[in-house]
Structure formats: C-alpha cells, structure tokens
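Trainee: Please give me a close look at the aromatic residues in the interior of this model. I should like to understand how the rings are paired and what surrounds them.

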Amino acid sequence: MKKISLLAGALFVYCFSFAQANLQGLVKPGTKLIYGVETNGQQYDFIVTVKALAPAVIFDWEMTDRANNNGTITHTPEAMISGNTMYNYFAPGQKTLDDNTLSVWLSKNTFTALMKAGKGTPIKMNTGEAPKKMGTYTDNKEIKILVNGEKDVIEEEMAKELNDEGEPTGSESYFTFYKSGKMPIILRMQNGFYIVLKEIRTK
C-alpha cells in the first residue's frame with residue numbers, strides 16, 4: 001500500500017510539473033514570447049513583447065543574433081480576420097502589415113479553416129511565396145516550455161501541405177499552432193528555418 005501511495009504521489013507531482021499552459025490567460029500586453037530560432041547554422045532567440053491585442057495585435061520584437069535587430073509589427077483588424085500570408089523575415093524598424101498579412105498569429109478565418117480536418121486552406125508560408133494548401137492531419141501534440149521559469153506544456157495542432165485527397169504531400173514545411181480561436185499563436189514552424197516557442201514571461 002505504501003508503494004502504491006508513493007507511486008500515485010510521484011505521478012501527481014509529474015502531472016503537476018507539466019500542467020497545461022493556457023495561453024488565453026497568459027498572453028496579454030507586456031507578455032514576452034521567446035522563440036528559439038535555427039537557420040543557416042545559427043541559433044538565437046526571437047523575442048516578441050505583446051503591446052496590444054485589440055482591435056488588432058501589435059508587438060515589439062528582437063532578434064538576438066546581432067545588435068539593433070529589433071522593431072515593431074502592427075497588424076490591421078482586417079488581417080486578423082482574414083489574412084492568409086505569413087510575414088517571417090524581419091527588417092529593423094516599425095512596420096504595419098497589409099490587410100492580408102500576419103506574423104506569429106493566425107487569422108480567425110485561417111484558424112477556422114484549419115480546424116476542418118482534411119479540408120485544407122491556401123496559405124502563403126511567407127510573403128512572395130505561392131500559396132500552399134495547408135491542413136491539419138494529426139492528433140494534438142505537446143511541446144514543453146517554461147512559463148515564468150516553471151515547466152509547462154502546450155497543446156499544439158500541426159498543419160502540413162496537403163494534396164487534393166487531403167493527405168500530406170511529403171513537403172518538409174509545416175507549422176503548429178495553439179488550438180484556440182481566441183489566441184491562435186504559431187508555436188513551431190519549419191520553412192527553410194526552424195522556430196519553436198520555448199518560454200513565456202508575464203513578469
């Protein structure tokens with residue numbers, strides 16, 4: 001009986017240590033989203049500091065690969081509803097994206113379309129690229145992160161390029177996102193580079 005109690009206690013501690021993080025409650029003005037980036041043999045951080053969430057998302061950003069590589073991204077309310085182009089290559093300074101382009105976030109319409117399993121929806125994985133039919137095809141997965149220095153996990157939904165039959169094409173490009181229409185944040189992406197959310201700081 002004692003061994004069973006100890007095992008149950010250990011399982012409780014493990015589950016508690018890796019509780020599910022709720023981004024809807026965590027992400028607010030002032031929150032920092034820290035991503036790890038791997039590209040061209042380099043590794044560095046991409047730090048997003050949320051400034052506003054309504055009527056559209058505004059955030060400051062910083063890349064730690066070199067000095068003064070920072071700026072501000074402003075989305076339009078129209079893009080937050082229907083944008084389907086991803087802005088992934090940053091230049092220092094302030095930039096307001098057009099009505100079809102977003103960064104870090106998915107639009108309401110894109111999120112809704114992706115949640116219709118097997119259907120797919122056209123998405124440009126970066127400005128200047130041709131749209132790809134992206135869709136979800138796997139069960140939820142989890143990534144481990146730190147939230148204010150504590151271990152947590154986040155559920156993610158994966159989207160890959162699909163063929164006309166709704167099956168993955170074999171392309172190495174993909175992205176994952178948080179399964180919430182109110183906070184559809186990109187969690188991981190592979191598209192000529194790799195990026196993953198590794199830490200959230202609210203204080």
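Mentor: Let us begin with one ring: F177 counts as buried, because its relative accessibility is 0%; buried means under 20% relative accessible area, exposed over 50% and partly exposed in between, with a 1.4 Å probe and protein chains only. The model is predicted, so local features need pLDDT of at least 70 and side-chain atom pairs count only at pLDDT 80 or more, whereas totals for chains, interfaces and linings use all residues. Residues are numbered from 1 along each chain as its sequence is written, and side-chain values use heavy atoms, with hydrogens and water left out.

The structure holds eight aromatic pairs (rings of Phe, Tyr and Trp, the last by its six-membered ring, with centres within 6.5 Å; planes under 30 degrees apart are stacked, over 60 edge-to-face, the rest tilted). In one of these pairs, the ring centres of Y35 and F46 lie 5.8 Å apart, and the planes meet at 35 degrees, so this pair is tilted. Because Y35 belongs to strand β1 (residues 32-39) and F46 to strand β2, the pair ties together parts that are eleven residues apart in sequence; strands are DSSP runs of E with at least two residues, numbered from the N terminus. Y35 and F46 are both buried. Another pair is formed by F175 and F177: with centres 6.2 Å apart and planes at 45 degrees, this pair is tilted. The partner F175 has a relative accessibility of 0%, and therefore counts as buried.

Which residues form one aromatic cluster? Y35, F46, W61, Y87 and F90 do, and F46 also gives a view of what surrounds this cluster. Leaving aside residues up to four places away in sequence, F46 touches L33, I34, Y35, V37, W61, E62, M63, F90, V104 and I195, where a contact means heavy atoms within 4.5 Å. The cluster members Y35, W61 and F90 thus recur in that list.

F46 and F175 appear again in the largest nonpolar core, which has 49 residues (a set of buried Ala, Val, Leu, Ile, Met, Phe, Trp, Tyr and Cys residues joined through side-chain atoms within 4.5 Å). The members of this core that touch the most other members are L23, F46, W105, I154 and F175. Strand β2, which spans residues 42-52, gives the most to this core, with four residues.

Following the chain onward from strand β2, one comes to some backbone features. P55 is found in the loop between β2 and β3, and the peptide bond that joins A54 to P55 is cis, with omega at about 0 degrees. In the loop between β3 and β4 (70-74) lies N68, which is not a glycine and yet has a positive phi of about 60 degrees. In contrast to the buried rings, N68 has a relative accessible area of 67% and is therefore exposed. N148, in the loop between β10 (141-147) and β11 (150-161), also has a positive phi, near 50 degrees, in a residue other than glycine. With a relative accessibility of 29%, N148 counts as partly exposed. Why are such features worth pointing out? Most residues other than glycine have a negative phi, and most peptide bonds are trans.
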